[in-house]
Structures are given as C-alpha cells and as structure tokens.
Amino acid sequence: MKKISLGSFQSRLTLALIAAMFFAAAMSNILIYKYVLNSKLNDLRDKLMAIAQTGTLALDADILMQVPLKREGMNTPQYREIAGKLEEIQKANSQIKYIYAITRTEKEGVWQFIVDPSPAMERTRRQWATSYPGDKYNAARFPEMLRAFEGPSADKELETDEWGVTLSGYAPIRDKKAKAVAVLGVDISAQEVYLIQQEAYRRLLFILFLGIIISLILGMLISKGI
C-alpha cells in the first residue's frame, strides 16, 4: 500500500485553500472596485448637476436670448454680460474645463451655441470646432443633454466629441415664466475621472494585498488543523 506523504498532502491542501481564498478575495475586490468607482462617479455626476443648476441662477434668460445667433453676436453687450457670468462660475469651480449656454434648434437633435466664453475653442489643430453664437452642435449623441430641458442631468460615462473626452452636467435655464429656453452645460476633463479611477484602483490593490496575507495565514492554520 502506497504511503501518503503528510508533508506533501499538507502543502497541497494549503495551496488549495490559499487559491480558493485568493479567488474569493479577488472576486470580492473586483466588486468593491466597481462599487467604489461607481460611487465616486455618481458623486461627481451629482456635483456637476449641482454646479450647473446653481449656475443657472446667476444667468438672466431674457438677456441670454437677446444674443444674436451669429458670429458677430460675440461683440454685443448681452453676450459679454453672460460670458462674464459663466467665467465667474468657472473660476469658482476649478474642475470645470468648459462652460457654455446652448439651446435647441427646429431640427431634432441639433442644438446651437449661444454663449461659450472659452477663447473660440482651442485653435491648435488645423480643423478646430468653433463655438460662436449660432454654431450647430450634434446633441443627438448625448441623451443626458437632450433631457436637460426637463431638469438637471449628467452624463453617465465619459463622452467624446470635438472637445475631447469629458464628463458633463447640464441644467435648464428658465425665463421669468419658468419656461426652459436654453441649457447650461459644464464639462470636466477625463483627467478628473482618471484620478478617481486611480484612487479606486489604489484602494483595490491595498485590500487585495491584505486579502492575500490573510489567505496565507488562514490557509496554513486550517491545513495544519486538518
């Protein structure tokens, strides 16, 4: 009859227990990572909506809608007044990369800029997107933006357009009759979201490392007991 090596059996049992615990720890940490990341992103979405909604209180919808929707509209006092307000909101919230007022056109899914205080966009590329009054924008790509006339909303994930990769929040700009006539949009760059992902990833690694140490200790103690 073949003898069973206790040392070999204990080693294999220890490895099996450690592997099982490691797998359980890894799966739980993946779930924790997703939970933390989703929680952080939801917090950021709530913050974007709050910034946008609060920002609309500083804007006069009647003055905004007086801005001529053509390039020369940038030279009007109405444009300068709204642009100044938007710049103040941006300065008060350092995370904001772009802020703008935009409204719908008669064509489904096509919107147009009213005021965008950024310097006519970043003209570092040969073909750059302008943001002068009246410039059209394909809002059909972004369902949360389309919902913004009904109430505050924010993108559920990173979105890519002519301005790069951003996460955006929106809120309706209402006139004195409480009718939504335009939307205030605030964008933050993907870098902000990337930092959130990195923070969640660091937490995951710490918890995973801790789980491995606990698995090693428990695996050896249980195998010895058996």
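**Surface, fold and nonpolar cores of the predicted chain**

The accessible surface of the chain amounts to about 13,500 Å², and carbon and sulfur atoms account for 58% of this area. The structure described here is a predicted model. Of the 226 residues in the chain, 42% count as buried.

Five helices and seven strands make up the secondary structure of the chain. Read from the N terminus, these elements follow the order α-α-α-β-β-β-α-β-β-β-β-α. Contacts between residues distant in sequence were also examined: among contacts that join residues at least 6 apart in sequence, 61% link residues at least 24 apart.

The largest nonpolar core contains 27 residues, and those touching the most other members are L64, I82, L86, I99, V115, I173 and V186. Several elements contribute to this core, with at least two residues each from α1 (6–56), α2 (61–64), α3 (77–92), β1, β2 (110–115), β6 and β7. The surroundings of L64 illustrate how such a residue is packed. When neighbours within four places in sequence are set aside, L64 is in contact with I82, A101, I114, V115, I173 and A182. A second core, separate from the one just described, comprises 14 residues, among them Y98, M145, F149 and A180.

Strand β7, which spans residues 180–189, is largely enclosed by the rest of the structure, because 10 of its 10 residues are buried. A residue counts as buried when its relative accessible area is under 20%. Strand β7 pairs with strand β1 (residues 96–104) in the antiparallel sense, and six bridges connect the two. Within this pairing, I102 has V183 of β7 as its bridge partner. The loop between β6 (164–174) and β7 holds A178. The backbone at A178 is notable for a positive phi of about 65 degrees, although this residue is not a glycine.

Nonpolar residues also occur on the surface. F209, I213 and I217 form a nonpolar patch there, and together they have about 280 Å² of accessible area. I213 is located in helix α5, which covers residues 190–225. The relative accessibility of I213 is 34%, and this residue therefore counts as partly exposed; that class lies between the limit of under 20% for buried residues and that of over 50% for exposed ones. Residues of strand β7 are thus buried, whereas I213 is partly exposed.

Conventions:
Residues are numbered from 1 along each chain as its sequence is written. This is a predicted model: local features need pLDDT of at least 70, side-chain atom pairs count only at pLDDT 80 or more; totals for chains, interfaces and linings use all residues. Side-chain values use heavy atoms; hydrogens and water are left out. Buried means under 20% relative accessible area, exposed over 50%, partly exposed in between (1.4 Å probe, protein chains only). Helices (H or I, at least four residues) and strands (E, at least two) are DSSP runs, numbered from the N terminus. Two strands pair if DSSP finds at least two bridges between them. Patches are made of residues with over 30% relative accessible area and no salt bridge: like charges are joined within 9 Å, nonpolar side chains (Val, Leu, Ile, Met, Phe, Trp, Tyr) within 5 Å. Accessible areas come from the Shrake-Rupley method with a 1.4 Å probe; for residues, only the protein chains shown count as cover. A salt bridge is a side-chain nitrogen of Lys or Arg within 4 Å of a carboxyl oxygen of Asp or Glu. Contact means heavy atoms within 4.5 Å. A nonpolar core is a set of buried Ala, Val, Leu, Ile, Met, Phe, Trp, Tyr and Cys residues joined through side-chain atoms within 4.5 Å.
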